[in-house]
Amino acid sequence: MSLSRLHLPNFQQCSSPLSSSLSLPPCFHVPCSQRRRPHTTWSSSIACCLPRQQQSVAVIEKNETSTSVLSERKVIRFGLPSKGRMAADTLDLLKDCQLLVKQVNPRQYVAEIPQLSNLEVWFQRPKDIVRKLLSGDLDLGIVGFDTFSEYGLGNEDLIIVHDALGYGDCRLSLAIPNHGIFESINSLRELSQMPQWTASKPLRVATGFTHLGPKFMRDNGFVNVTFSTADGALEAAPAMGIADAILDLVSSGTTLKENNLKEIEGGVLLESQAVLVARRKSLVEQEDVRRRTKEILERFDAHLRAVDQFTVTAHMRGSSAEEVAGRVCSQPSLSGLEGPTISPVFCKHNGKVTPDYYAIVICVPKKALYKSVQQLREIGGSGVLVSPLTYIFEEVTPRWKELLLKLGL
């Protein structure tokens with residue numbers, strides 16, 4: 001495991017390859033003890049190796065180049081995760097929504113979705129998707145909410161289009177050893193009040209979330225705390241003696257238990273799952289981006305709303321549609337999405353066509369399916385047919401209306 005401390009006790013010379021290759025002055029990290037608030041012993045700031053004038057010139061040149069490229073680019077860019085479970089689940093969702101990602105060569109980072117014209121798919125690391133949305137190199141992207149929160153840095157030019165895509169569920173949580181001095185510690189408050197943490201011996205937290213972590217600890221009253229970044233499994237850090245706690249993503253919690261770690265009350269920083277994100281400026285200024293975003297959003301919403309929903313159809317005798325509807329609505333499990341659909345079923349008797357039955361159609365959630373079928377049969381339903389739903393389209397997708405309000409459109 002490779003660890004690099006974010007807090008250093010004294011000025012430390014930066015070994016940045018940029019500094020050595022460009023013959024620039026060395027970079028130093030200013031310890032918290034020499035800042036305005038000497039009692040604070042942690043910091044997540046990064047010093048820059050470029051002199052101020054060179055920084056300004058570099059920023060101006062980058063902005064001018066970026067603006068020029070953006071003004072020329074007409075193709076919409078959609079960033080998708082390139083590897084791992086998140087990548088596979090994202091492609092599955094798109095496929096379920098009849099949006100097939102066509103990649104000529106699996107080693108290429110660019111692809112297309114034939115159903116969405118004038119749109120390119122770019123496979124990137126999740127954190128790079130967020131960064132490239134901020135820089136204007138992407139217009140849309142799918143990432144975990146944890147990645148969005150960590151690398152988006154609260155920038156108002158990023159906007160969440162869909163906040164619950166139904167996969168990638170996890171939580172960003174603080175975990176401590178379940179033995180030793182931590183054995184009786186079961187809450188974040190108890191952890192912060194432990195007398196062991198002093199300016200000379202602060203609580204050491206290993207995490208990859210160097211933006212969210214310090215803010216979370218500060219907001220919860222921690223003063224003497226330092227952070228370390230780590231490559232690889234963070235769960236090993238406390239056992240190796242290089243951290244007292246970890247702040248990491250947790251799904252089931254099994255890995256924590258197997259490494260003698262435990263979560264504590266109040267230690268969950270955020271709940272996360274996959275989200276659809278967009279660049280606000282692209283949505284506001286480009287009508288084509290809005291059109292494509294609306295279509296993607298409507299497909300996602302329609303499919304996700306239909307997940308675990310079934311259509312139930314049955315025949316029932318009755319004197320009128322109103323009388324049959326009254327019987328159906330008297331059962332709590334047969335209300336459907338907005339109420340049952342009742343229509344006559346015509347039969348021919350002695351050369352005369354009459355409505356002998358009425359057909360009932362309702363939508364039922366999976367967990368209530370058998371109970372609903374039982375209730376239908378109890379009130380005279382027969383020939384009950386059950387089929388899974390693929391999409392449920394609204395007249396107007398509620399999330400689209402909410403997005404337009406956020407954009408002021």
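Two short exercises on a sheet and a helix follow.

This is a predicted model, where local features need pLDDT of at least 70, side-chain atom pairs count only at pLDDT 80 or more, and totals for chains, interfaces and linings use all residues. Residues are numbered from 1 along each chain as its sequence is written, and side-chain values use heavy atoms, with hydrogens and water left out.

**Exercise 1.** Find which strands stand at the edges of the open sheet of six strands.

*Solution.* Start with the terms. Helices (H or I, at least four residues) and strands (E, at least two) are DSSP runs, numbered from the N terminus. Two strands pair if DSSP finds at least two bridges between them. Next, read the order: E3-E4-E2-E5-E12-E6, with mixed pairing. Strand E3 (110-112) and strand E6 (158-162) each have a single partner strand, so one side of each is left without a neighbour in the sheet. Now look at one pair. E2 (residues 76-81) and E5 (residues 140-144) run parallel and are joined by two bridges. Gly-79 stands opposite Gly-141 in E5.

**Exercise 2.** Sort residues of helix H13 (residues 369-378) into buried and exposed.

*Solution.* Buried means under 20% relative accessible area, exposed over 50%, partly exposed in between (1.4 Å probe, protein chains only). Leu-369, Ser-372, Val-373, Gln-375 and Leu-376 are buried. These residues cover an arc of only 160 degrees around the axis (taken from the directions from the helix axis to the C-beta atoms), which puts them on the same side of H13. Tyr-370, Arg-377 and Glu-378 are exposed on the other side. Finally, step past the helix: just after H13, Gly-380 takes a positive phi of about 105 degrees.
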